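Got the viewer up? Load the model, switch to cartoon, and keep the selection box handy.

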Amino acid sequence: MCQSAALLSFSGEEAVERYGDTVYRLAYAKTGSKTDADDIFQEVFFRYLRAKPVFEGEEHAKAWFLRVTLNCTKSFWSSSFRRRTAPLDESIPVEDHPEEGVMESYLKQLPETYRAVIHLFYYEDLTTAQIAALLKRREVTVRVQLTRARQMLKDMMERDEAHEGF
C-alpha cells in the first residue's frame, strides 16, 4: 500500500519561525557580514512569499530554503552593487559565549567556499552527499573541501597559540 507524503505549506511568519535561523546562519557563513546576511535573509523570505511553494515534507522544505539562500548569496556576490562597495569592519563581540566569537573569527578567515561546507556540515547537520547536492558539486569535492577547511582552522589556531606563548 502506497502512502502519499503529507504536503506542507507555511505562512510567512511560520516559515521565518521554522527556517529563519537556518537561512540567516548560512547567509552569514557565506558572506561573513551581519548586514549582508540580513539582506539575503529578507530576499529569501520575500521569494518564499512570492513563490508560495508547497513542500513534500520537512526535508524538502529545509532543502528549498537552503538552496534559495545559496542562490541569493551567489546573486549577492555577483551583483554590480556589491562590486562597487567597500566592506565595513563588523567586529561585534559575542558576549554570551566568548569561545563562539573566537571560532567565528577563525571561520571568517576561511575562503567563502570552505565556510559554506563547514557551516552546512557542522551547523546544519547535513551529510556530505546532501551538501554536494545543494552546492551542485561532487561528493568527493565536498569531502576534500571539508578536510582542507579543517586543516586551515587547525593551522590558524596553532599559529595563534604559538603567538600567545611569546
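We'll go from the overall fold to confidence, then to charged pairs and rings.

**Ground rules.** This is a predicted model, where local features need pLDDT of at least 70 and side-chain atom pairs count only at pLDDT 80 or more, while totals for chains, interfaces and linings use all residues. Residues are numbered from 1 along each chain as its sequence is written, and side-chain values use heavy atoms, with hydrogens and water left out.

**Whole chain.** Colour by secondary structure: you get eight helices and zero strands. Those elements are DSSP runs numbered from the N terminus (helices are H or I, at least four residues; strands are E, at least two). Of the 166 residues, 36% are buried; buried means under 20% relative accessible area, exposed over 50%, and partly exposed in between (1.4 Å probe, protein chains only). Now show the surface: about 10700 Å² is exposed, with carbon and sulfur atoms supplying 54% of it. That area comes from the Shrake-Rupley method with a 1.4 Å probe; for residues, only the protein chains shown count as cover. Among contacts (heavy atoms within 4.5 Å) between residues at least 6 apart in sequence, 68% join residues at least 24 apart.

**Confidence.** Recolour by pLDDT, the predictor's confidence in each residue, from 0 to 100. The mean is 81, and 80% of residues reach 70 or more. Among the elements, helix α2 (residues 34–51) has the highest mean, 92, and helix α4 (residues 80–83) the lowest, 48. Select 88–99 next: pLDDT stays under 50 there, and the model has seven contacts beyond four places in sequence for this stretch. Where pLDDT is low, the predicted coordinates should not be read in detail.

**Salt bridges.** There are seven in the structure, each a side-chain nitrogen of Lys or Arg within 4 Å of a carboxyl oxygen of Asp or Glu.

- Select Arg25 and Glu124: their closest N and O atoms are 3.1 Å apart. The pair links distant parts of the chain, with Arg25 in helix α1 and Glu124 in the loop between α6 (112–123) and α7 (128–135), 99 residues apart. Arg25 is partly exposed at 33% relative accessibility, whereas Glu124 is buried at 4%. Arg25 is also in contact with His119 and Tyr123, among others.
- Go to Lys30 and Glu112, which meet at 2.0 Å, N to O. Lys30 sits in helix α1 and Glu112 in helix α6, so this bridge ties together parts 82 residues apart in sequence. Lys30 is buried at 8%; Glu112 is partly exposed at 22%.
- Finish with Asp160 and Arg159, at 3.6 Å, N to O. Then add Lys62 to your earlier selection: salt bridges that share partners join Arg25, Lys62 and Glu124 into one network.

**A charge without a partner.** How far from Arg67 is the nearest side chain of opposite charge? Glu112 is that side chain, 10 Å away, and Arg67 is buried yet has no salt bridge. Charges here are Lys and Arg as positive, Asp and Glu as negative, with His and the chain ends not counted. Arg67 lies in helix α3 (residues 58–78). Beyond four places in sequence, Arg67 contacts Ala133, Leu134, Leu135 and Lys136.

**Rings.** Last stop: 13 aromatic pairs. Rings of Phe, Tyr and Trp (its six-membered ring) pair if their centres lie within 6.5 Å; planes under 30 degrees apart count as stacked, over 60 as edge-to-face and the rest as tilted. Zoom in on Tyr48 and Phe55, stacked at 6.4 Å centre to centre with 10 degrees between the planes. Tyr48 is buried at 2% relative accessible area, and Phe55 is buried at 0%. Widen the selection to Phe10, Tyr19, Phe41, Phe45, Tyr48, Phe55, Trp64 and Phe65, which form one aromatic cluster.
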